[in-house]
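User: Please take one part of this model and look at it closely, starting from a single side chain. After that, follow the contacts outward and describe what else the model shows.

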Amino acid sequence: MADKVERLKTLIIGSGPAGYTAAIYAARADLNPVVYTGMEPGGQLTTTTEVDNFPGYPEGVDGPSMMIDLQKQAERFGTEVRMGMATAVEFSDEVGGIHKVTIDNDKVIEAETVIISTGATAKYLGLPSEQKLRGGGVSACAVCDGFFYKGQDVAIVGAGDTAAEEASYLANICSKVTMLVRKDHMRASKAMQHRVNSLKNIEIRYNTEVDEVLGDQVVEGLRMVNNLTGEKEEIAITGLFVAIGHKPNTDIFKGQLEMDETGYLITKGKSTKTSKPGVFASGDVQDKEYRQAVTAAGTGCMAALDAERYLATIESAEEVSTQ
Ligand SMILES: Cc1cc2nc3c(=O)[nH]c(=O)nc-3n(C[C@H](O)[C@H](O)[C@H](O)COP(=O)(O)OP(=O)(O)OC[C@H]3O[C@@H](n4cnc5c(N)ncnc54)[C@H](O)[C@@H]3O)c2cc1C
């Protein structure tokens with residue numbers, strides 16, 4: 001059992017833009033970080049072909065290549081990247097306490113600081129035609145991919161604030177946006193509904209669901225079904241945006257860290273500090289507002305700096321107490 005317990009200064013859970021950026025900063029500060037990749041090494045960007053909005057890539061970059069670049073940069077400064085899932089946690093309440101994280105239900109890591117960068121997973125409808133065309137015109141991120149459909153007809157599914165926000169965003173770029181709302185009303189706030197209703201190139205279809213996404217390699221159209229009458233209708237579109245919510249990957253932190261009502265980790269003020277001393281959160285797992293690679297990377301940097309300062313404060317307090 002002894003070799004299954006390891007002591008670290010900084011453990012980073014998750015290998016998306018937040019986790020790897022935290023690793024770059026932590027490694028350069030001599031915190032000897034270890035990153036556990038989880039089930040999706042490289043994170044959400046490995047599911048997309050074109051990233052055009054991350055600074056430093058003038059010609060754009062495909063998601064998997066960008067994440068390999070980030071991993072290599074983290075490794076250049078000594079980060080150790082390991083395959084494995086955090087399956088349980090026991091965080092200390094004490095300043096300077098040791099946090100325990102179990103990996104793959106087997107190995108236990110004892111860490112002075114933990115940076116959580118486990119991201120959030122976009123929800124999809126689950127239709128086979130939708131899954132087949134993910135990356136071929138089906139997207140869960142209008143801000144990321146809307147630009148590729150400039151001047152074209154697209155559709156969006158969803159009825160909440162995010163869907164309304166993304167529909168308005170798309171309406172500024174695309175010729176026409178058909179918005180599919182499952183019920184006879186939207187969930188979005190009145191202000192957001194007003195915004196959507198005021199845009200002439202958004203057509204809202206209530207009581208309407210996706211029956212099938214049409215197209216072989218890329219999206220060519222959509223068959224919609226009215227869930228009251230059963231009537232089906234096909235429209236020509238080139239992009240389908242699914243805006244039915246995200247699920248933050250925080251199940252293992254329940255009961256350990258403060259979360260909001262939808263499971264996003266709560267951080268204090270402008271910092272990445274969670275409700276436990278020495279545990280920090282960065283990226284989409286604590287941000288339901290922006291959810292972009294560059295903002296995830298920014299908070300990854302902040303988490304590493306917060307961890308470094310936390311450790312420095314503890315070390316100087318220990319020095320004073322031994323004098
Ligand atoms: C299709 C698509 C296209 C996108 N395009 C763009 C774009 O063009 N530009 C842009 O800025 N943003 C884009 N985004 C959004 C962007 O991908 C996210 O904002 C960003 O990846 C968030 O980074 P993150 O590090 O917080 O989390 P993620 O990238 O979600 O990474 C989370 C990591 O945590 C790991 N993990 C989860 N649970 C555990 C666990 N228990 N133990 C260990 N590891 C765990 C996962 O394996 C993964 O490595 C896109 C998103 C999608 C879905």
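Analyst: The side chain of E6 makes a polar contact with the side chain of R82, at 2.8 Å. A polar contact here is a pair of N or O atoms within 3.5 Å; within protein, one atom must be able to donate a hydrogen and the other to accept it, and residues adjacent in sequence count only if both atoms are side-chain atoms. The model is predicted, so local features need pLDDT of at least 70 and side-chain atom pairs count only at pLDDT 80 or more, while totals for chains, interfaces and linings use all residues. Residues are numbered from 1 along each chain as its sequence is written, and side-chain values use heavy atoms, with hydrogens and water left out.

The side chain of E6 also makes a polar contact with the side chain of K107, at 3.0 Å. E6 itself is part of strand 1, residues 5-13; strands (E, at least two residues) and helices (H or I, at least four) are DSSP runs numbered from the N terminus. Setting aside residues up to four places away in sequence, E6 touches R82, K107, V108, I109 and E110, where contact means heavy atoms within 4.5 Å.

Next comes helix 1, which covers residues 17-28 and contains Y20. Y20 has 1% relative accessibility and therefore counts as buried; buried means under 20% relative accessible area, exposed over 50%, and partly exposed in between (1.4 Å probe, protein chains only). Beyond four places in sequence, Y20 touches S15, V35, T37, G42, M67, L70, Q71, A74 and V81. The C-alpha atoms of Y20 and E75 are 9.2 Å apart, although their positions lie 55 residues apart along the chain as a separation in sequence. P17 is in helix 1 too and is buried, at 10% relative accessibility. Its contacts outside the four nearest places in sequence are L45, M67, L70, A293, A296 and A297. P17 and Q44 are 27 residues apart in sequence and 9.0 Å apart from C-alpha to C-alpha.

The rings can be taken together. A pair of aromatic rings is described by the distance of the centres and the angle of the planes. Rings of Phe, Tyr and Trp (its six-membered ring) pair if their centres lie within 6.5 Å; planes under 30 degrees apart count as stacked, over 60 as edge-to-face and the rest as tilted. The whole structure holds 5 aromatic pairs. One of them joins F147 and F148, which are edge-to-face at 6.4 Å centre to centre with 75° between the planes. F148 is partly exposed, at 24% relative accessibility. In another, the ring centres of Y149 and F241 are 5.7 Å apart and the planes meet at 85°, so this pair is edge-to-face. Y149 is in the loop between helix 4 (142-145) and strand 9 (153-157), whereas F241 is in strand 15 (residues 239-242), so the pair links parts of the chain 92 residues apart. Both Y149 and F241 are buried.

F241 also appears among the contacts of I156, which include A163, L170, V177, L180 and A243. I156 is in strand 9 and is buried at 0% relative accessibility.

Charges meet rings at two places listed here. The charged end of R28 sits over the ring of F77, 5.1 Å from its centre, and that of R134 sits over the ring of Y124, 4.0 Å from its centre. A charge sits over a ring if NZ of Lys or CZ of Arg is within 6 Å of the ring centre and within 35 degrees of the ring normal.

On a wider view, the chain divides into domain 1 (2-121 + 246-322) and domain 2 (124-242); such bounds come from an automatic or database domain assignment. The domain centres, taken over C-alpha atoms, are 33 Å apart. Contact joins 9 residues of domain 1 to 9 residues of domain 2. About 550 Å² is buried between the domains, with carbon and sulfur atoms giving 44% of it. Buried area is the accessible area (1.4 Å probe) that two parts lose on being put together, summed over both. E50, D52 and Q292 supply 48% of the area that domain 1 buries against domain 2, more than any other three residues.
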